[in-house]
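Me: I would like to go through this structure term by term. For each label, please give the value and the cut-off behind it.

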Amino acid sequence: MEFPLQSGPVCVRCGDTLESPAPPSLCRACRLAPPPYERAVAYGIYDGRMREAIHALKYDGLQPVAQRLGGMLAEAIVQLAREAPAEMLVVPVPLHRGKRAQRGFNQARLLAAEALRRLAGSHPHWHLTLAARTLLRQRATESQFGLSPHQRRLNVRGAFTVSDPDAVAGRAILLIDDILTTGATARAAARALRRAGAASVWVATLARARRGAAQQQGMAAWQPEHVPERKTDAAPASMHDRFMDSSHGQSSFQEGEKDVAG
Ligand SMILES: [Zn+2]
């Protein structure tokens, strides 16, 4: 089974699938309320094998999966190469402290670190600096599962704050997350960064929800947040085999990278 990709024309701002290939090149949502970010890109669709891999990453914490998915995220980021500035601060969408402690790691940060490692090799002219403590989730948002798009917007409104506005003032920001569902989280996070003075915000995610899926409520099948948190020390061998990306060295889940404060 392949990782499902998006096909057909997409909105030039949010990347959502467009109904028809004819202009306008903006979706209805972006025409009505332009997003606070410049452009959002994704590697694929949150479905099938991609969904399995993201679950394996989030709930089993499999490092080989992180490496494989990090490579895909790097490919998504490359879609921005022509438009986005060559120098950007890379900000993973944070988890709330409680959730971060429960899971042991932030999957968005892990993916960002992996993608940056790849891009340092493939795009050496690009100066992307990981700044994982710049954006904070100041309150524990309810699970987005089962919420309508409107409820999702309310749920994440004001959820993000910038720890050090001086660090983002005038900077271009590359915001990273694993999944883009309705885009409510990306908008809320980008808005917080812009309010703190960021010059521009660009968004890259691994996967976006299939068009229409986000508009339907109660679809347990595609929404990951309902899966209970669990941590396992030993990953099942079958998972390793399925997602293993050749023979990359195992690196640690520890928060090892240095954050940039300014
Ligand atoms: Zn759009």
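Reply: Strand 6 (residues 172-180) is a good place to begin: 8 of its 9 residues are buried, and the strand is mostly covered. Note that this is a predicted model.

Me: What makes a residue such as D16 count as buried?

Reply: The cut-off is 20 or more other C-beta atoms within 10 Å. D16 has 23 C-beta neighbours inside 10 Å, so D16 counts as buried. D16 lies in the segment before helix 1 (28-32). Its C-alpha atom is separated by 10.0 Å from that of L180, which is 164 residues away along the chain. In the protein chain, buried residues make up 40% of the 262 residues.

Me: Why is strand 1 called largely enclosed?

Reply: Strand 1 covers residues 39-45, and 6 of these 7 residues are buried, so the rest of the structure largely encloses the strand.

Me: How do you know which strands pair with strand 6?

Reply: Pairing requires at least two bridges between two strands. Strand 6 and strand 7 are joined by 8 bridges and run parallel, so the requirement is met. Within that pair, I179 has A207 in strand 7 as its bridge partner, and L175 has V203. Strand 2 is joined to strand 6 by 4 bridges, again running parallel, so this also counts as a pair. There, L89 is matched with I173 in strand 6.

Me: What makes strand 1 and strand 7 a pair?

Reply: Strand 1 and strand 7 (residues 200-208) share 6 bridges in the parallel sense, and at least two are needed, so they pair. I45 stands opposite R208 in strand 7.

Me: What is the strand order of the open sheet, and why are strand 1 and strand 3 placed at the edges?

Reply: The sheet has 5 strands in the order 1-7-6-2-3, with parallel pairing. Strand 1 and strand 3 (127-130) each have a single partner strand, so one side of each is left without a neighbour in the sheet. On average, neighbouring strands are turned by 25° against each other, direction ignored.

Me: Which helices pack on the sheet?

Reply: Helix 3 (residues 63-78) packs on the sheet and touches strand 1, strand 6 and strand 7. The direction of helix 3 makes about 135° with that of strand 7. Helix 8 also packs on the sheet, touching strand 1, strand 2 (87-92), strand 6 and strand 7. The direction of helix 8 makes about 160° with that of strand 6.

Me: Why are helix 6 and helix 8 called roughly parallel?

Reply: Helix 6 (residues 149-156) and helix 8 (residues 184-195) pack at an angle of about 30°, with their axes 9 Å apart. Angles under 35 degrees count as roughly parallel, and helix 6 and helix 8 are therefore roughly parallel to each other. The crossing of helix 6 past helix 8 is right-handed.

Me: What makes up the contact between helix 6 and helix 8?

Reply: From helix 6 come P149, R152, R153 and V156, which meet A184, T185 and A188 in helix 8. By class, this contact has 4 nonpolar, 1 polar and 2 charged residues.

Me: How many helices and strands does the protein chain have?

Reply: The secondary structure comes to 9 helices and 7 strands. Of the contacts between residues at least 6 apart in sequence, 79% join residues at least 24 apart.

Methods. Residues are numbered from 1 along each chain as its sequence is written. This is a predicted model: local features need pLDDT of at least 70, side-chain atom pairs count only at pLDDT 80 or more; totals for chains, interfaces and linings use all residues. A residue is buried if 20 or more other C-beta atoms lie within 10 Å of its own, exposed if 12 or fewer, and partly exposed in between; C-beta atoms are placed from the backbone. Helices (H or I, at least four residues) and strands (E, at least two) are DSSP runs, numbered from the N terminus. Axes are lines fitted to C-alpha atoms, for helices over the stretch in contact, and angles run from 0 to 180 degrees between N-to-C directions. Angles under 35 degrees count as roughly parallel, over 145 as roughly antiparallel, 65 to 115 as roughly perpendicular and the rest as oblique. A crossing is left-handed if the near helix is turned anticlockwise from the far one by less than a right angle, and right-handed if clockwise. Two residues are in contact if their C-beta atoms, placed from the backbone, lie within 7 Å. Ala, Val, Leu, Ile, Met, Phe, Trp, Tyr, Cys and Pro count as nonpolar, Asp, Glu, Lys and Arg as charged, and the others, Gly among them, as polar.
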